[in-house]
Amino acid sequence: MGMDLEAQPFNTLDRGRYRRKVQRCLDTLARMLTDGSFSFPRKNIGLEVELNLVDRELRPSMTNTAVLEALDDPSFTTELGQHNIELNVPPRPLAGDSALQLEDDLRAYLDTAATKARDTGSSLAMIGILPTLKHEHFDQKWLTNKARYATLNDQIFAARGERTVLAMEGAPLPGQQPERLRSYAESILPEAACTSVQLHLQVAPEEFAAHWNAAQCLAGLQIALASNSPFLLGKALWHETRIPLFLQATDTRPEELKNQGVRPRVWFGERWITSIFDLFEENVRYFPGLLPETDAEDPIEALDAGQAPKLTELRMHNGTIWRWNRPVYDVVDGLPHLRVENRVLPAGPTVVDTVANAAFFYGAQRALAEAERPVWSQMSFQAAEENLYAGARRGFDGQLYWPGIGWIPPDELALRVLLPLAHEGLRRSDVSDEARERYLGIIERRCLARRTGATWQRDYVLRAQERGLDREAALSLMLGRYLELSESGEPVHTWPLTD
């Protein structure tokens with residue numbers, strides 16, 4: 001979805017041409033996997049962070065064009081909404097002190113962006129869902145002014161044929177009744193409310209399936225340990241409300257197709273895999289193209305000529321199917337490679353929390369991927385999916401399933417099983433002891449404190465309301481304090497609930 005489009009409508013000929021081209025790209029990928037065409041010098045990692053812009057009243061600031069012009073840095077780019085920007089941190093190896101350098105680099109990027117944003121009258125907010133968003137901010141006029149966003153919006157609405165329905169019931173605040181959201185939107189901008197951190201890991205083709213399956217097993221625990229999106233449109237909902245919100249905001253299915261079992265485009269998946277090809281083949285088989293634009297490349301001819309084919313249509317198609325762990329094909333410096341893109345984590349609360357979440361994921365993923373008896377051979381795929389929703393809805397109060405244990409709270413699962421595995425996985429990745437202890441120590445203390453960004457937000461708002469503030473005032477007060485603490489850089493498990 002980083003590619004832009006021509007600002008022109010698509011017709012039936014475009015769709016037929018696109019379908020044939022996507023299939024030719026898929027055939028080319030199959031040949032490349034068979035022929036051993038992929039570059040794999042080392043396990044590089046990468047990180048993307050989506051950010052909110054807020055004005056002096058802590059409302060969404062529709063100024064991403066001005067902020068990006070002031071930054072003039074290709075590491076920063078647009079996102080769907082005018083109150084969003086995205087940072088793409090350059091890839092690097094995982095070994096040694098790379099994680100420590102990543103923390104320094106990420107902080108430097110964000111400090112620069114914060115300075116440039118202030119020059120335009122805005123501030124950065126690294127948070128899963130901006131709690132001061134209102135229904136008016138979902139008006140189509142607030143889409144970023146690029147053809148791909150307007151076209152994506154139009155195509156999703158044309159496929160569904162009706163308004164976006166936002167409907168969910170939340171995990172209750174302590175001592176309160178559950179809150180329900182029932183709302184509508186005339187655009188896909190509710191998706192722009194979902195700001196995330198995406199973790200990339202470059203893997204060899206023969207290792208991809210194990211790493212993807214491992215990432216699926218980890219998704220529910222990841223969310224439970226790092227949830228940071230508890231409020232939407234004034235309601236206290238899931239600890240990680242991004243999960244149901246993203247699904248509903250981009251859903252191309254009217255109710256009748258949902259009842260028929262048609263798959264959503266925000267998708268956990270439905271089975272363990274044996275090859276990356278399984279995922280791309282499912283994408284082509286199950287999902288019609290949303291953005292059917294083609295280029296002039298014949299990918300098989302390019303491969304026969306000794307070039308790395310761009311597979312533009314297959315990549316575009318893949319970019320409009322939002323798996324929580326997405327397969328990625330890319331070409332860098334003329335060399336093709338494969339990546340797992342982990343998409344479950346929210347943005348924030350701090351730089352050090354972000355790097356700790358990444359270290360935990362990379363370490364635990366490697367340990368599970370290299371286990372003598374894979375954990376996914378001992379649990380159903382449906383159990384992994386249920387873990388995703390349990391962790392997202394209730395955070396530390398959820399119950400996750402794990403083989404050999406049964407149902408277990410997320411903090412206990414992390415402390416007893418996954419943190420030791422993460423330590424071992426980082427050791428095998430030659431991560432320095434200093435980096436390993438720093439970041440996994442933060443995850444351990446977060447579990448002991450049972451404090452995530454979501455629990456802090458929920459507790460702070462509840463206390464503010466008990467002092468007499470209404471929900472809107474409490475959310476604004478909370479966000480102001482959140483931004484102060486986030487800027488201080490101290491990990492979220494240390495944050496006080498007092499001003």
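Colleague: Let's start with one residue: is Gln457 buried or exposed?

Modeller: Keep in mind that this is a predicted model. Gln457 is found in helix H15, which covers residues 453–466. Its relative accessibility is 0%. Buried means under 20%, so Gln457 counts as buried.

Colleague: Which residue has a side chain joined to that of Gln457 by a polar contact?

Modeller: Leaving out residues up to four places away in sequence, Gln457 touches Ile127, Asn228, Pro230, Phe231, Met478 and Tyr482. For one of these residues, a polar contact of 3.0 Å links its side chain with the side chain of Gln457. That partner is Asn228.

Colleague: How many Å apart in space are Gln457 and Met478, C-alpha to C-alpha?

Modeller: Met478 is among the residues that Gln457 touches. Along the sequence, the two are 21 residues apart. In space, their C-alpha atoms are separated by 6.8 Å.

Colleague: Now for the pockets. Which residues are closest to the centre of the largest pocket?

Modeller: The largest pocket holds about 1300 Å³ of space. It is lined by 50 residues. Elements giving two or more residues to this lining include strand E1 (44–54), helix H4 (147–160) and strand E13 (335–346). Closest to the centre are Glu48, Asn88, His200, Asp330 and Arg339.

Colleague: How many residues in the lining of the largest pocket are charged?

Modeller: We can sort the lining by class. Nonpolar residues number 22 and polar residues 15. The charged residues number 13.

Colleague: Which element gives the largest share of the lining of the second largest pocket?

Modeller: This pocket has a volume of about 450 Å³. Among the 17 residues lining it, Asp111, Ala114, Leu124, Ser486 and Glu487 are the closest to its centre. At least two lining residues come from each of helix H3 (98–119), strand E4 (123–125) and helix H16 (471–488). The largest share, five residues, comes from H3.

Colleague: How many nonpolar residues does the lining of the second largest pocket have?

Modeller: Here too we can go class by class. Four of the lining residues are polar and four are charged. The nonpolar residues number nine.

Colleague: What distance separates the end C-alpha atoms of helix H11?

Modeller: Helix H11 runs over residues 351–369, which makes 19 residues. At 1.5 Å a residue, the expected span is 27 Å. The model agrees with this, because the end C-alpha atoms lie apart by 27 Å.

Colleague: How many of the residues of H11 are buried?

Modeller: Helix H11 is largely enclosed by the rest of the structure. The reason is its count of buried residues, which is 19 of the 19.

Note on methods
Residues numbered from 1 in each chain as written. Predicted model: local features only at pLDDT ≥ 70, side-chain atom pairs only at ≥ 80, totals over all residues. Heavy atoms only, no water. Helix = DSSP H or I, 4+ residues; strand = E, 2+ residues; numbered from the N terminus. Buried < 20%, exposed > 50% of the residue type's maximum accessible area, 1.4 Å probe, protein only. Contact = heavy atoms within 4.5 Å. Polar contact = N/O pair within 3.5 Å; in protein donor to acceptor, adjacent residues only side chain to side chain. 1 Å grid on protein atoms, 1.4 Å probe; cavity = no way out; pocket = protein on both sides within 12 Å on 5 of 7 lines; lining within 4 Å. Points joined across faces, edges and corners; volume = space filled by probe spheres on them. Nonpolar A, V, L, I, M, F, W, Y, C, P; charged D, E, K, R; others polar. Expected span 1.5 Å × (residues − 1).
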